[in-house]
Amino acid sequence: MDSSWVENGTLAPFASLSPEPENSSSGSGSPSPSGRVPQAGTGPGGSPPFWDTPLNQGLSVFVGLALCTTMLGLGCTVELSQLGGQLRRPVGVLLALLCQFVLMPLLAFLLALLFALDEVAAVAVLLCGCCPGGNLSNIMSLLVNGDMNLSIIMTASSTLLALLLMPLCLWIYSRAWINTPLVQLLPLGAVSLTLCSTLLPIGVGVFIRYKYTRVADLLLKVSLWSLLVTLVLLFILTGTMLGPELLASIPASVYLVALLMPLAGYASGYGLATLFHLPPHCKRTVSLETGCQNVQLCTAILKLTFPPHLIGSMYMFPLLYALFQAAEAGIFVLVYKMYGRDAYKQDPLNEDEDTDISYKKLKEEEMADTSYGTVTREEHNSILMEPAQTAL
């Protein structure tokens, strides 16, 4: 562990936890050489710390609204007519449980130990590893001709399972750093409350999909764009307002973890799907679902539930993870488009299962739907109208 970084950026703010903060903040203590804490965002010239500025409060509101929009879009992908079949054959739910709450938390824990991360970085990494799947996996699964039914049911079920399993996994794996102040003050109740608050927009999205399909398609597009816009704006605002010192204060080991963690998730997800003897397009889907985390949820939890003077610059970790997971998934898609597209033949998990659901509209909406009401001339005495299946 980088002791200088811990002394200057992580352990110094813990003085505010003492019973007499006035004495600890006075000149009696030994200040850091630079006179400021880079992670906390204290500006030069004695400016107030970043967590006390209107910018930080505005970012917190922005992150909360973006999370609601993302969860609303997630609810808009859920087809109630598909839930019955998935409950009768819950392969997707089982895969979501194993991928998101067994493989990814374990990978995050092992990487944190391997790179000897301090407690602040370790908690940020563990929190990201314990998060459910995100909407990015649905988009990427569509681009690699994956099983969209499986992708959406894994994303939705992992989000619901996170209400219980995410705090549990975070508590279990954080025991390695139990003697540190941050882990002792771990706000598991606030994390659970934030997760429960996502149920309302998800439920509204499911209702809109059931009652107003066209509105649900529009909201789905808005949520997908908000995913990109939120990450870009957070990265730009944080980088420009706080300067390069913020990114420079993050150890190189954290960057390596952000690079390796989604890659390990993609590989382990594909291996798990192979053990389940799934067809190739389902293997690609499970792989992307495993490595793509809900970084907006992770960012919101870090920003809204953890004390900002304790978490410091580590709320940037989900943004770094999002950058690398999107880049690696993009390479995945590119390789598939170049070499693997004709090598795989899609065999659905169930022959009577309709996999043409919500996201396929985003891919096919520009094409005229000429399949409905097709006229066949196989019989000379009568004309048979055969309505072909259309996307739901």
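Let's start with charge: the structure holds 1 salt bridge. Keep in mind as you look around that this is a predicted model. In general, side chains of opposite charge can pair when their charged atoms come close. Here the partners are Asp 217 and Arg 209, whose closest N and O atoms lie 2.9 Å apart. That falls inside the 4 Å allowed for a salt bridge between a side-chain nitrogen of Lys or Arg and a carboxyl oxygen of Asp or Glu.

Is this pair buried or exposed? Asp 217 has a relative accessible area of 15% and is buried, because buried means under 20%. Arg 209 is buried as well, at 3% relative accessibility.

From there, turn to the way two helices pack. Helix α7 covers residues 135-143 and helix α15 covers residues 280-291, and their axes come within 8 Å of each other. The axes cross at roughly 155°. Angles over 145 degrees count as roughly antiparallel, so α7 and α15 are roughly antiparallel to each other. The crossing of α7 past α15 is right-handed.

Just ahead of α15 is a loop worth a stop. His 277 sits there, between α14 (252-275) and α15. Its backbone stands out for a phi of about 55°, a positive value although His 277 is not a glycine. Most residues other than glycine have a negative phi. His 277 is exposed, because its relative accessibility of 73% is over the 50% cut-off.

Ala 116 makes a good companion to visit next. Its phi is near 50°, again positive in a residue other than glycine. You will find Ala 116 in the loop between α5 (91-114) and α6 (119-130). At 39% relative accessibility, Ala 116 counts as partly exposed, because that value lies between the limits of 20% for buried and 50% for exposed.

Another loop, the one between α8 (148-173) and α9 (181-184), carries Trp 177. Despite its place in a loop, Trp 177 counts as buried, at 11% relative accessibility. Which part of the chain can you look for around it? Try Val 120: the two residues are 57 apart in sequence, yet their C-alpha atoms are 9.5 Å apart in space.

Finally, move out to the surface. Which residues form a nonpolar patch there? They are Ile 331, Leu 334, Val 335, Met 338 and Tyr 339, and together they have about 560 Å² of accessible area. To find the patch, look for Leu 334 in helix α18, which runs over residues 317-340.

Definitions and conventions
Residues are numbered from 1 along each chain as its sequence is written. This is a predicted model: local features need pLDDT of at least 70, side-chain atom pairs count only at pLDDT 80 or more; totals for chains, interfaces and linings use all residues. Side-chain values use heavy atoms; hydrogens and water are left out. Patches are made of residues with over 30% relative accessible area and no salt bridge: like charges are joined within 9 Å, nonpolar side chains (Val, Leu, Ile, Met, Phe, Trp, Tyr) within 5 Å. Accessible areas come from the Shrake-Rupley method with a 1.4 Å probe; for residues, only the protein chains shown count as cover. Helices (H or I, at least four residues) and strands (E, at least two) are DSSP runs, numbered from the N terminus. Buried means under 20% relative accessible area, exposed over 50%, partly exposed in between (1.4 Å probe, protein chains only). Axes are lines fitted to C-alpha atoms, for helices over the stretch in contact, and angles run from 0 to 180 degrees between N-to-C directions. Angles under 35 degrees count as roughly parallel, over 145 as roughly antiparallel, 65 to 115 as roughly perpendicular and the rest as oblique. A crossing is left-handed if the near helix is turned anticlockwise from the far one by less than a right angle, and right-handed if clockwise.
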